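This report describes the fold of one protein, a pair of its helices and the surroundings of its ligand.

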Amino acid sequence: MLRKMTLREHLRASTAQAHESIEANPTLARLLAQDLSEAEYRRILERYFGFFQPLEKDLSNLAEFVNRVPAFAARMRSERLRLDLQTLGLEISEIESLPRCEALPPHTKLAEFVGVLYVLEGSNLGGKLIAKHLRALPFTRPACLNFFESPDVSENWKSFLTFLNDVDSGNPSFHRDAAQAAQETFRSLDRWMAR
Ligand code: HEM
């Protein structure tokens, strides 16, 4: 008999196409360009901030879910984006008035919360590759790479996968809700970044 997919396997399979699409997003693809300028990099971080900040704020307010995730607070990266943007010359008041995404993915059910967090956590993996590229560009310095240089990526990913196993009820509707929220997270960021 075929083994049932784990929650992680389900999430990975159901978002593989969305991951491919987002890698081809013209704004994000610029992150890996040799001729990326400081102004362009700042604008990409502004867009990331406009997505991560409201989403992480909402997730952080869901205390009963947050308490189940190991080191939840350290996983949040909006503050890192704030630091990078300040290094790149933005005033705190300018950061506060940046446009924020309102079309956020669903996240109020536990399964949806888990699906969204999977995408945010997974983005650290590609972030390592992006950080390596950015580090070699002439305008960058460590103080503007906090978002992509997030620390302990492998350890955090491992502990996140353990959390996914622990939270997995094996219930098909849980898998379905988590996968839909994960797909919607990719789509929503993709649309937001394309503007
Ligand atoms: C130019 C952009 C990107 C590149 C080059 C990239 C690259 C990668 C790579 C190489 C991996 C696999 C790493 C490994 O298995 O060790 C990965 C995994 C992942 N990435 Fe990306 N990525 C990009 C953008 C994103 C974005 C924007 C998101 C979401 C916001 C994202 C979400 C994920 C997720 C969820 C995984 C984990 C899949 C799994 O194994 O379960 N990626 N990415």
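Two residues are in contact if their C-beta atoms, placed from the backbone, lie within 7 Å. The model is predicted: local features need pLDDT of at least 70, side-chain atom pairs count only at pLDDT 80 or more, and totals for chains, interfaces and linings use all residues. Residues are numbered from 1 along each chain as its sequence is written.

The protein has 10 helices and 0 strands; helices (H or I, at least four residues) and strands (E, at least two) are DSSP runs, numbered from the N terminus. Its C-alpha trace spans about 55 × 30 × 30 Å along the principal axes.

Arg42, Leu45, Glu46, Tyr48, Phe49, Phe52, Gln53 and Glu56 of helix 3 meet Ser78, Leu81, Asp84 and Leu85 of helix 6. The table below splits the residues of this contact, and those around the ligand, by class. Ala, Val, Leu, Ile, Met, Phe, Trp, Tyr, Cys and Pro count as nonpolar, Asp, Glu, Lys and Arg as charged, and the others, Gly among them, as polar.

| Group | Nonpolar | Polar | Charged |
|---|---|---|---|
| Contact of helix 3 with helix 6 | 6 residues | 2 residues | 4 residues |
| Shell around the ligand | 9 residues | 4 residues | 3 residues |

Around the ligand there are 16 residues, of which Arg12, Gly122, Ser123, Leu125 and Gly126 come nearest; a residue counts as near if its C-beta atom, placed from the backbone, lies within 6 Å of the molecule. Helix 1 (7-23) and helix 8 (110-135) are the elements that give two or more residues to this shell. Helix 8 supplies the largest share, 7 residues.
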